[in-house]
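Student: Could you walk me through reading a model like this one? I would like to begin with a single residue and work outwards.

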Amino acid sequence: MTEDAMQDGLLTPFIFPELAVRGAITRASESWRDWITHRIYPETVQNLLGQAIAVAPLMASTIKFEGKLSLQAEGDGAIPMLVVQADHLLEVRGMARWKGEIGGAPNPVLFGSGRLGLIIEPAGEGPRYEGIVPLEGETLSSCLAGYFRQSEQLETHLNLAADELSIGGLILQRMPAEKTGDSDAWPRLLALAETLTEEELLGLSAEEIINRLFHEETVEVFPQRQVTLRCRCSHGRTSELLLNMGEAEVQSILAEQGQVEMECGFCGQRYVYETTDVEQLFAAQHSQPPTDSRH
């Protein structure tokens, strides 16, 4: 995966102004297909990762911040880790680790006993936020709805879908507000959202989904935002990792293996350093004036 990522993904935010409910829909197709050609996953893991990548921009769009949002699920099951990151520009990347034979539908039972965490790291100065809840639920969407209910005190509904061609997500959130005079509004919107099939979420446009589900409601749709699947790895950042490892350790790996190979855990991009590359890397470091810290 290079920095020239495909940009077919879109996020469509909307609100129900009379009901104190907000929502958004996200879709990506070509960029998702490009992403999974660079790192091969079993189908169940791939679909679960696709759902997580679809939900990351939905979550990022509901938070006013500049920086990076990380969604991480950890457990003792067949999928011990799944991580997805999105920033305030809706640039997204994700990865999963698995062990043994993976079968069945994408289900958080595959995580085993574990936890679900949301971390927000500001781009500049400011506090780092971290919320952690038990990983509970029959689907990833129900796990995340539980997170919002426990950590954010926000009633949330999610529809998530993924296959080898596309990923998609719908989020609805009930905002804190005075009574709207429509006590049935939230249950009614949930009932409508639950009629959305995975095929429709992956195959229809955001406008078609909103019209199909909520044509009897007052909906205000905002301008679409670009969602980009892009990895932030680079040769420069990989070189920085090697410098932080230290020359002695890197030379030891070089002597044992004949070259130093680094692979990005997110996109699978390989960075190979031959003997001359390592020598030039540390020669350049030695030629720089000393500093108190390396960033």
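Tutor: Gladly. Let us start at Leu90, which is found in the loop between strand S4 (81-87) and strand S5 (91-97). Keep in mind that this is a predicted model.

Student: What is the backbone phi of Leu90?

Tutor: The phi angle of Leu90 is positive, about 65 degrees, although Leu90 is not a glycine.

Student: And is Leu90 buried or exposed?

Tutor: The idea is to look at relative accessible area, where under 20% means buried. Leu90 has a relative accessible area of 1%, so Leu90 is buried.

Student: Which other residue should I set beside it?

Tutor: Try Ala20, in the loop between strand S1 (9-16) and strand S2 (21-28). Ala20 is not a glycine, yet has a positive phi of about 55 degrees.

Student: How does the cut-off apply to the accessibility of Ala20?

Tutor: Partly exposed covers the range between under 20% and over 50%. Ala20 has a relative accessible area of 21%, so Ala20 is partly exposed.

Student: Now a helix residue, please. Where is Ala56?

Tutor: Ala56 sits in helix H2. Its relative accessibility is 0%, so Ala56 counts as buried.

Student: Which residues is Ala56 in contact with, leaving aside neighbours within four places in sequence?

Tutor: Those contacts are with Val84, Ala86 and Val92. You can also look at a distance between residues separated in sequence: Ala56 and Gly117 are 61 residues apart along the chain, and their C-alpha atoms are separated by 12 Å.

Student: Next, helix packing. At what angle do H1 and H2 cross?

Tutor: To read a crossing, take the two axes, their approach and their angle. Helix H1 (residues 30-37) and helix H2 (residues 43-61) have axes that come within 12 Å and cross at roughly 135 degrees. H1 and H2 are therefore oblique to each other. The crossing of these two helices is right-handed.

Student: Which residues make the contact between H1 and H2?

Tutor: From H1 there are Trp32, Trp35 and Ile36, and from H2 there are Gln46, Leu49, Gly50 and Ile53. Sorted by class, this contact of H1 with H2 has 5 nonpolar, 2 polar and no charged residues.

Student: How is the crossing of H2 and H3 described?

Tutor: The axes of H2 and helix H3 (residues 140-152) come within 10 Å, crossing at roughly 35 degrees. The crossing of H2 and H3 is right-handed. H2 contributes Leu48, Gln51, Ala52, Val55 and Met59 to the contact, while H3 contributes Leu140, Leu144 and Phe148. The residues of this contact of H2 with H3 divide into 7 nonpolar, 1 polar and no charged.

Student: Let us step back. How many helices and strands are in the chain?

Tutor: The chain has 9 helices and 13 strands. Its C-alpha trace spans about 70 × 45 × 35 Å along the principal axes.

Student: What share of the chain's residues is buried?

Tutor: Of the 295 residues in the chain, 46% are buried. The accessible surface comes to about 14,900 Å², and 49% of that surface belongs to carbon and sulfur atoms.

Student: What share of the contacts is between residues 24 or more positions apart?

Tutor: Taking the contacts in the chain with a separation of 6 or more, residues 24 or more positions apart account for 64%.

Conventions: Residues numbered from 1 in each chain as written. Predicted model: local features only at pLDDT ≥ 70, side-chain atom pairs only at ≥ 80, totals over all residues. Heavy atoms only, no water. Axes fitted to C-alpha atoms, helices over the stretch in contact; angles between N-to-C directions. Helix = DSSP H or I, 4+ residues; strand = E, 2+ residues; numbered from the N terminus. Parallel < 35°, antiparallel > 145°, perpendicular 65-115°, else oblique. Left-handed = near helix turned anticlockwise from the far one by under 90°. Contact = heavy atoms within 4.5 Å. Nonpolar A, V, L, I, M, F, W, Y, C, P; charged D, E, K, R; others polar. Buried < 20%, exposed > 50% of the residue type's maximum accessible area, 1.4 Å probe, protein only. Areas by Shrake-Rupley, 256 points an atom, 1.4 Å probe, with all protein chains shown as cover.
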